[in-house]
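Student: Can we go through how these two chains meet? I'd like to know what each label really rests on.

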Amino acid sequence: MLQAEKQPKSDQELVAKAREGDPDAFGELVRRHRARAMGVAQTLTRDSHMAEDIVQEALVKAFLKLGSLIDEKRFAPWLSRIVRNEAYMKLRRGGPHGKERPFTAWAGLTKRGPATTFAGHAVAVHSDHKEYAGIDDVLFRLGQSALESARQASDPTIALQRKELIDGIQSLLHCLTSREKEVFERYFLDQLPPQDIAALLHTSVASIYNSISRARMKVQHERIRVHISMYIEKRRTLGKSKKKLLAPPCVRIAWKGDG
Amino acid sequence: MAESARNDFTWSRNTDTESIYSMVQYTGQKGLTPIDVMGFTAHAFRIIIDREEVEVGSYSFFDWQLRHAEALRNLGFTVRTTGRQNHIPPTPEELETALEMIQTSLDAGIPALSWDLFIPEWGLIYGYDDDTRMLQCRDVRRDGELPYEKLGRGEVTELYLLTITDSKPVDRLTMLKGALKLALEHAHVQQFGEDESAGHRNGLAAYDAWIHAFERRTANPFGNAVNTGKVCDAREFAVQFLLQWAEIWKKSDEEPLRQWALQAAEQYAVVAGNLSMMRDMFPFPHGGEPGDDATAARAISLLQEAKEAETAGVALLGRMLELLEQDAKGD
């Protein structure tokens with residue numbers, strides 16, 4: 001889209017655009033550098049799931065920290081460094097089978113063999129893996145909408161963008177307890193590793209993992225709730241019916257006595 | 001061989017068929033009985049088994065969107081589906097699409113088919129309320145309310161939805177021919193390639209898969225009990241469906257069809273009989289001891305006999321279809 005209309009831009013121009021509030025520019029940077037970032041992560045971890053997690057987290061951090069990139073020409077090496085840091089952090093924790101599992105694994109990422117792909121009851125512990133991608137998505141969208149509104153404002157400074165971005169995230173975080181919120185912000189906004197957050201808040205790493213996991217689920221839930229509200233509001237405006245109840249179907253309720 | 005003792009054919013353990021039957025009651029096809037729906041969707045002839053351990057979800061290892069649309073098309077319905085069988089909960093946008101589909105369908109007076117409402121089985125959504133944000137649902141476990149936001153976030157966290165969008169009248173003979181085609185394809189053609197099947201086999205090959213799991217003593221007690229119940233239920237319906245057609249074909253030029261339907265019914269009765277013995281050996285839910293040597297040996301011999309009977313039954317279905325197609329050309 002972007003490239004079809006115009007000459008390909010340099011990374012430097014894209015970084016500048018992204019900072020100024022162009023929502024497509026960061027997307028284009030991601031498209032350009034995702035494969036290489038994956039390559040770096042794969043080489044370091046030799047685990048494609050883990051590598052994907054690492055790149056996901058690195059991209060969110062890169063987006064949030066874009067303002068701190070001093071030399072706009074050096075986006076690619078800068079991103080690679082974030083990826084490497086992420087990877088080392090995870091590997092230090094012992095990899096996917098270590099006692100302290102990587103963050104995304106903590107939430108219940110289990111072996112997803114093909115035998116369970118279609119199975120109804122087969123999976124006892126469910127993967128929270130994609131929920132996590134969902135939260136990254138929230139951060140992303142909030143960032144984009146913050147950038148968008150900053151662009152429309154008369155003073156589109158980076159400071160304003162950052163403020164709006166963080167305000168946006170915080171408005172979604174109102175569903176969290178103050179403690180969960182603190183942990184969540186330290187993790188996502190300050191990008192502190194759970195070990196450091198634990199030290200800071202005088203608690204165990206496990207309890208930090210728990211807080212992040214719980215907070216993440218609450219935020220995900222909140223995002224769905226808000227979306228449904230908007231959908232219902234739209235129906236109301238269109239004058240659609242609010243309620244319908246058909247005669248009960250004849251599906252037999254037989255579970256317990258199914259012998 | 002033993003007769004299956006069942007005489008209540010008002011409900012099925014195959015919850016997608018049960019739900020489809022219930023949905024159809026809100027349409028112009030409400031004259032269809034559970035036996036008709038089991039037969040005309042070809043679900044009466046369905047069997048899917050995981051060869052490694054007869055995993056509990058074996059019966060659901062098929063492409064729902066594709067196969068359910070195909071089965072309902074044979075009854076004259078056009079459908080719309082959404083969702084994926086991948087253990088990934090819906091995004092807010094996907095949830096909105098599903099809610100829109102449900103509300104459109106309910107406004108038109110037909111419930112929506114879904115999955116994992118109160119249990120990982122198929123069930124129906126038959127009411128909504130934007131004020132309370134609740135869906136009224138019914139599945140094999142319960143009838144009750146489900147919050148909008150919980151759709152696709154049940155035990156297995158995945159969304160599946162099917163709604164009927166249009167229908168055209170189809171006569172019973174056309175439905176029968178369509179069903180026989182679906183049944184024969186299911187019996188002979190694997191729906192998934194080796195790399196995608198995760199050890200699952202359908203049709204006649206499913207018996208070999210089942211026997212394989214017993215030979216290796218790896219059949220999962222719960223999975224084996226659940227799937228024995230599902231396949232046995234289907235074959236009990238197959239017998240009734242075929243007997244029903246044998247009753248219909250009374251004219252002299254229909255005699256071959258009548259004979260083949262009766263013979264096929266006999267074969268499927270052997271299958272149902274043997275599976276009902278297995279159902280007693282492996283009662284739901286604890287499932288007995290499929291790993292016990294003597295028990296496994298007996299199960300293997302029952303399954304071998306069942307496969308032999310089903311092979312003969314499938315061949316008879318093929319002859320029926322051939323003759324029906326010839327008649328159609330002759331008309």
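Student: What stands opposite A:Lys243?

Tutor: In this predicted model, A:Lys243 faces B:Asp129, which sits in strand 4 of chain B.

Student: How do you know that strand 1 of chain A and strand 4 of chain B pair?

Tutor: Pairing needs at least two bridges. Strand 1 of chain A and strand 4 (residues 122-129) of chain B have three bridges, in the antiparallel sense, so they count as paired.

Student: Why is the link between B:Asp131 and A:Lys242 called a salt bridge?

Tutor: Check the distance: the closest N and O atoms of B:Asp131 and A:Lys242 are 3.4 Å apart. The cut-off is 4 Å between a side-chain nitrogen of Lys or Arg and a carboxyl oxygen of Asp or Glu, so the label fits. Between chain A and chain B the count is four salt bridges.

Student: Which parts of chain A supply at least two residues each to the side that touches chain B?

Tutor: Helix 7 (129-152), helix 11 (205-237) and strand 1 (243-245). Helix 11 gives the largest share, 13 residues.

Student: What makes 14 residues on that side of chain A count as charged?

Tutor: Asp, Glu, Lys and Arg go in that class, so those 14 are residues of these kinds. The rest of that side is 20 nonpolar and eleven polar residues.

Student: And how much area is buried between chain A and chain B?

Tutor: About 5200 Å², with carbon and sulfur atoms giving 58% of it. The contact takes 45 residues from chain A and 61 residues from chain B.

Conventions
Residues are numbered from 1 along each chain as its sequence is written. Chains are lettered from A and ligands numbered from 1 in the order in which they are written. This is a predicted model: local features need pLDDT of at least 70, side-chain atom pairs count only at pLDDT 80 or more; totals for chains, interfaces and linings use all residues. Side-chain values use heavy atoms; hydrogens and water are left out. Contact means heavy atoms within 4.5 Å. Buried area is the accessible area (1.4 Å probe) that two parts lose on being put together, summed over both. Helices (H or I, at least four residues) and strands (E, at least two) are DSSP runs, numbered from the N terminus.
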